[in-house]
Amino acid sequence: MNIIEFIESPGLLNDRTLSPAQKMVLKSIYGLDLTAEELTLFKQTTALEVYRPREWSECTMILGRRAGKSDKLASTIAIYEAAARNHKASKGEMPVVMIVASELERQSRIVFRYVLKKLEASPVLRKMISRQTSTEIELTNGVLIQVYPANMARIRGASLACFIGDEAAWWKSEGKSIDKDVIDAARPGLSFEHSKLIKISTPYWQRGEIWTDFKEYYGKVNDHVLVFQGSTELFNPSFSQKKLDAARRRDAVAYETEFLAHFRTDLSGMYDPMVIDKAVDLDRPMELEPRAGLDYAAFVDVAGGGGRDSYALAVGHLEEARIVIDVVRSRAPKFNPEDVTRDYSELLKKYRVNTVRGDKFSGDFALHAFAKNGITYERAEKPKSALYLEAEGSFNTAAVNLPNRAVLIEQLKSLVRKVRAGGRDSVDTDSGQSEDEANVVAGLIELLSARASGAGAAGFFFSKGSVYPSDYGDSGFHGFEDWEGESRGVPRPKR
C-alpha cells in the first residue's frame, strides 16, 4: 500500500484533505506517478525540469508557516513509516520512527498530539497501540514512534527507520543553533534499507542544515537530497488571505521568510566558521605566559554580576604584526564585580598593562573600580558592531591567533550581521545569547590592529603552524614550512 492509499483509506487515516502540493510532495518522496497538475507543482517547488520516479532516502521541505508541515506532512509520514512498512529489523532490534521538534517541550507535545489523535481515530491503527507514554507510542508490530524536543543525547543509539526534523532551521539550545549536531547524531542510526531522513522547516537565515541543503541541492539534479520550497498559500490554499495581507503590511521582511519561505537576505553570519576555526591554534596553551620585551594590551567587558552578562577580559600582543590573543577570561553571574575587577587588575599587572579599554556603557563604575586597583580605564569610541566589523579583515587574512576556547569560538560563530539599507551593517548574536568573550576579543583586535597600522605593518598571515610553549619565548611562531602567505604575495616571516 502506498502512502496516498494509506492516507485516504477509510479504515486507516481517512484523510482526503491534502492540498495538491502536499499530496505531490508525498508522492514524490516515495516515487509515485504524478498527474499533470502535480508535475507542474513539482517543477515549481523543486526547480527541476524532469521528474524521475524513485524513492528518496533524504528530503528537505522548506515551507511557509501554516503550510501543513507538522499535521499533514511530518505526522503522516511518521505514521506511515511506523505502521505500514516492513523495516526488516534484526532479532531483538526495535525500529524507531523519531520526530524531533524544536527544543521547546510545547512544540513537541503539539506534534505528538497530531500523531496520537490520528492513530486513535483510525479503527485499524488504534488497535496497533500497545504502549503509550507522554513521548512514545509503541505499536504491536514492534515499531516505536518517539517525539522529542531537539536533543542529541536522546537520538544516539536508536535504530532509526525514519528521522523527521520538524522546524529544523529553528533548533537551538541555550541560544546556540544545534540543527547540524542533532542531524549528525541521527545519521548513523539510519541503518535500515529504506531509512529516511526528512527535514521540514520554515527557513530562517543563510546558515545551517536547511540552508546547506537548499544551496547544494535545490534545482540541481542529484541522487542525495530532494529539496522543495513553497509558500503557505501554495501548500495551504485555505489559509486566510486576509491574514497573509495583514502579515505583509506588518513586516514585509518577516512575511517573505515566514509565508513565502524565502531565506532572509538581510541576515548572515558575521564570520565564516571555517575562518574562525583556522584562527584557533590547537597546539598552544590556553593562556600564554607574559614575555619580556612585549607590549601587551587589554580589552574588558564589564558586567554588574546580577544579570545574564558575563564579565570578560582579553589580553594580547602583536607578533610581527600578527595579533596574538594571549588570555581570554570571563566570569558568569552571579558575582561581585568589585572582586572580579580586583582579580582582573592583578592579571593585567602581570602582563604589564596599566590601561584597559572597554565600552562606554559601564558608567563610572568601571572607571573608579579599576582606578582603585591601579589601572586606568579608557572608554572605547566605537560601538561593538563597529568592532566586530573591523575585526573581519583580520580574521579573513588569517592574522589572528586564538586559544582553543570553546565558549569564545561558539560566540564568534554565532554573531549575526544585519544589512542596513543606506547605512552601516549592525552585528549582534543570534537569539540574544552571550557575546562577552567575542566582544573583548574584537575590541582587542581593533586596538592591536591600530598599533600595527601605526607601526607601518599590515597584511601578514598566520601559518598553519603553532605557538609551541616549550620554545615560544625564544623563536616565536613555528611551522613556517607551511606558510600560506607566499601564494598571496606575502613574504615569509623571519624566524
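Two strands count as paired here if DSSP finds at least two bridges between them. Helices (H or I, at least four residues) and strands (E, at least two) are DSSP runs, numbered from the N terminus.

Okay, with that said, a word on what we're looking at. This is a predicted model, in which local features need pLDDT of at least 70 and side-chain atom pairs count only at pLDDT 80 or more, while totals for chains, interfaces and linings use all residues. Residues are numbered from 1 along each chain as its sequence is written, and side-chain values use heavy atoms, with hydrogens and water left out.

Let's start with strand β1. In β10, Cys-59 has Leu-226 as its bridge partner. The strands β1 and β10 (residues 226-230) are parallel, with five bridges. On β9 (residues 196-201) there are also five bridges to β1, again in the parallel sense, and there Met-61 sits opposite Ile-200. So how covered is β1? Six of the six residues in β1 (58-63) are buried, where buried means under 20% relative accessible area, exposed means over 50%, and partly exposed is in between (1.4 Å probe, protein chains only). Glu-58, Thr-60 and Ile-62 point one way, and Cys-59, Met-61 and Leu-63 point the other.

Next, the run of hairpins. Strand β3 (residues 129-132) pairs with β4 in the antiparallel sense over three bridges, and the hairpin between them goes through three residues. Gln-132 is across from Ile-137 of β4. Then β4 goes on to β5 (residues 144-149), antiparallel once more, with three bridges. Ile-137 turns up again here, opposite Ile-145 in β5. The hairpin from β4 to β5 has four residues in between, and Gly-142 in the turn has a positive phi of about 90 degrees. As for side chains on β4 (residues 136-139), Glu-136 and Glu-138 point one way, Ile-137 and Leu-139 the other, and all are buried.

Further along there's an open sheet of six strands with mixed pairing, in the order β16-β15-β12-β13-β14-β17. The edges are β16 (376-379) and β17, each pairing on one side only. Inside that sheet, β13 (residues 311-319) and β14 are antiparallel over nine bridges, with Gly-316 facing Ile-325 of β14.

Now some backbone oddities. Where does the cis peptide bond sit? It joins Pro-333 and Lys-334, with omega about 10 degrees, and Lys-334 is in the loop between β14 (322-331) and α13 (337-350). There are also positive phi values outside glycine. Lys-88 has phi near 50 degrees; it's in the loop between α4 (69-83) and β2 (95-101), and it's exposed at 61% relative accessible area. Ala-398 has phi near 55 degrees and lies in the loop between α15 (384-396) and β17 (400-401), but Ala-398 is buried, at 12%.

On to charges. A salt bridge here is a side-chain nitrogen of Lys or Arg within 4 Å of a carboxyl oxygen of Asp or Glu, and by that rule the count is 36. Take Lys-72 and Asp-15, with the closest N and O atoms 3.0 Å apart. Lys-72 is in helix α4 and Asp-15 in the loop between α1 (3-8) and α2 (20-29), so the pair ties together parts that are 57 residues apart in sequence. Both Lys-72 and Asp-15 are buried.

Another salt bridge is Asp-223 to Arg-52, at 3.4 Å, N to O. That one links distant parts of the chain, 171 residues apart: the loop between α8 (209-217) and β10 for Asp-223, and the loop between α3 (36-46) and β1 for Arg-52. Asp-223 is partly exposed at 49%, and Arg-52 is partly exposed at 39%.

Then there's Lys-384 with Glu-435, at 2.5 Å, N to O. Lys-384 is in helix α15 and Glu-435 in the loop between β19 and α17 (436-454), 51 residues apart. Lys-384 is partly exposed at 35%, whereas Glu-435 is buried at 8%. There's a network too, made of Arg-357, Glu-378, Lys-382, Glu-390 and Glu-446.

One last stop: Thr-429, in strand β19 (residues 426-429). Thr-429 is buried at 10% relative accessibility. Its C-alpha is 9.4 Å from that of Met-270, and the two residues are 159 apart in sequence.
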